[in-house]
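Reader: I have a structure open in front of me and would like a close look at a single part of it. Could you walk me through the sheet and the helix that comes before it, and then show me how they fit into the rest?

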Amino acid sequence: MIMIGKEDIAEYAKSLGASLVGFAPVSRWGERLDLPRDFHPGSIWPSVMTVICVSMPSLLPIVETKVSNLYRAQYDIINRGLDETTYLLALYLNNSGCASIPICRDGYGEQKMLRKNPIAAFSHVWAAYYAGLGTIGWNHTLITRKFGPRHRLASVFTVLEIEGDPMIKEELCIRCGICEKSCPEGVYSGTPGVKNSYMNKTACAGQTFDGPYNHCGFCIKTCPVGDDRKLYLGASNEEYSKAHADISQWNMGVFATLGSMEAKG
Ligand code: SF4
Ligand code: SF4
C-alpha cells in the first residue's frame with residue numbers, strides 16, 4: 001500500500017530547496033488542448049498521471065547585475081539545484097512504490113539543435129501554469145506572485161494520482177510591455193488584446209548563446225511583477241526606462257538596491 005501524501009511530497013521538495021511546488025493532473029493537458037499532443041506529458045512517458053512542478057528563484061539583486069559572472073554563477077546554481085531536487089524527489093517517490101522520473105530544466109538536445117529548431121520536448125512553463133504556480137506572461141515566462149518571472153522550473157512525472165492544485169484565474173501579467181521594450185533583439189511583437197506576444201525564439205536563442213549579452217534575460221530583469229521587488233527594494237521601472245537608452249547602465253539596480261539597504265541601516 002502506498003503511504004505517501006501530497007503534503008509529504010511538497011514538504012520533501014521544499015526541504016531540498018524548492019521554493020514553489022505545484023501538482024498538475026495530466027488530464028489538464030487533454031482538457032485544455034493549449035499545446036499539441038506531442039508535447040503532452042503522456043507523449044513523453046505514457047504512464048504519467050501527475051506532473052509535480054518545482055521552482056527556484058533568481059534572486060533579484062543578482063539578476064540586476066546582468067550581464068555578469070555573478071549572474072552566470074547564480075544561473076548555474078539554480079540549474080544544478082533544480083536537477084538535483086527533481087532527481088531526489090523522483091527517487092523518494094520510487095522508494096515509496098510510485099514510479100517517477102525527473103524532467104530536467106532544459107528539455108532540448110543541445111545549443112546547435114535549439115538554434116535550428118527552438119523548441120523543447122516539454123514545457124515546464126505550461127506545466128507550472130496547470131499546477132497553479134502562476135500565469136503565462138506576455139514574454140512567455142511563468143509569472144508568479146512571489147518572483148514574477150525571476151525563477152526557473154523543472155518537473156517530476158509520477159504514476160501517482162494526486163489532486164491538482166487550483167489554477168490561478170486572474171492574470172498576473174499586467175501587459176505593461178516593458179519586457180518587449182527592454183529586449184535587445186526585439187524578440188516580442190503582437191497586438192494588444194491578444195493574450196501572448198509573438199516570440200522570435202530563434203533570435204532569442206542566438207542572443208542567449210552568442211550575443212554580447214550572453215544569457216541575456218533583460219525581459220525577466222525588468223518585469224515589474226513579483227514580491228521580490230518589495231523584498232529587495234529593486235530598481236523601479238522608471239529607472240529601467242531611463243537606463244534603457246544605454247544598456248551598459250543596466251547594472252545600476254544592484255547598486256541602487258545595496259545603497260538603499262545600507263541607508264536603512
Ligand atoms: S532573453 Fe534576451 S533576447 Fe531573449 S527575449 Fe529575453 S531579453 Fe530578449
Ligand atoms: S514586463 Fe509587463 S508585459 Fe512583460 S511579462 Fe512582465 S508584466 Fe507582463
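**A close look at Ala128, the sheet and helix 1**

Author: Happy to! Let's begin at one residue: Ala128 touches Gly22, Cys53, Ser55, Leu133, Gly134, Leu142 and Leu153, leaving aside residues up to four places away in sequence. Please keep in mind that this is a predicted model.

Ala128 also belongs to a bigger group. The largest nonpolar core has 59 residues, and Ala128 is among those with the most contacts inside it, along with Val51, Ile52, Cys53, Val54 and Ala131. This core takes at least three residues from domain 1 (6–158) and at least three from domain 2 (178–259). As a general point, nonpolar side chains in soluble globular proteins tend to be buried together.

Now for the sheet. Four strands form an open sheet in the order 1-2-6-3, and their pairing is antiparallel. At the edges are strand 1 (20–25) and strand 3 (100–103), each of which pairs on one side only. From one strand to the next, the twist averages 20°. If you zoom in on strand 3, you will find four bridges joining it to strand 6 (residues 151–158), the two running antiparallel. Within this pair, Ile103 stands opposite Ser155 of strand 6.

Helix 1 (residues 6–15) packs on this sheet, where it touches strand 1 and strand 2 (50–57), and its direction makes about 140° with that of strand 1. Helix 5 (residues 69–95) lies across strand 2, strand 3 and strand 6, and runs at about 20° to strand 6.

Helix 1 deserves a slower look. Its residues Ile9, Ala10 and Ala13 are buried. These three are on the same side of helix 1 because they cover an arc of only 95° around the axis. Turn to the other side of helix 1 and you meet Glu7, Glu11 and Ser15, which are exposed. And what covers the buried residues? Strand 1, strand 2 and helix 5 are included in that cover. Just after helix 1 comes Gly17, with a positive phi of about 120°.

Finally, let's step back to the whole protein. It has 13 helices and eight strands, and 38% of its 265 residues count as buried. Taking contacts between residues at least 6 apart in sequence, 72% join residues at least 24 apart. The contacts of Ala128 with Gly22 and Cys53 make a friendly place to start your own tour.

Definitions and conventions. Residues are numbered from 1 along each chain as its sequence is written. Chains are lettered from A and ligands numbered from 1 in the order in which they are written. This is a predicted model: local features need pLDDT of at least 70, side-chain atom pairs count only at pLDDT 80 or more; totals for chains, interfaces and linings use all residues. A nonpolar core is a set of buried Ala, Val, Leu, Ile, Met, Phe, Trp, Tyr and Cys residues joined through C-beta atoms within 7 Å. A residue is buried if 20 or more other C-beta atoms lie within 10 Å of its own, exposed if 12 or fewer, and partly exposed in between; C-beta atoms are placed from the backbone. Domain bounds come from an automatic or database domain assignment. Two residues are in contact if their C-beta atoms, placed from the backbone, lie within 7 Å. Two strands pair if DSSP finds at least two bridges between them. Axes are lines fitted to C-alpha atoms, for helices over the stretch in contact, and angles run from 0 to 180 degrees between N-to-C directions. The arc is that of the directions from the helix axis to the C-beta atoms.
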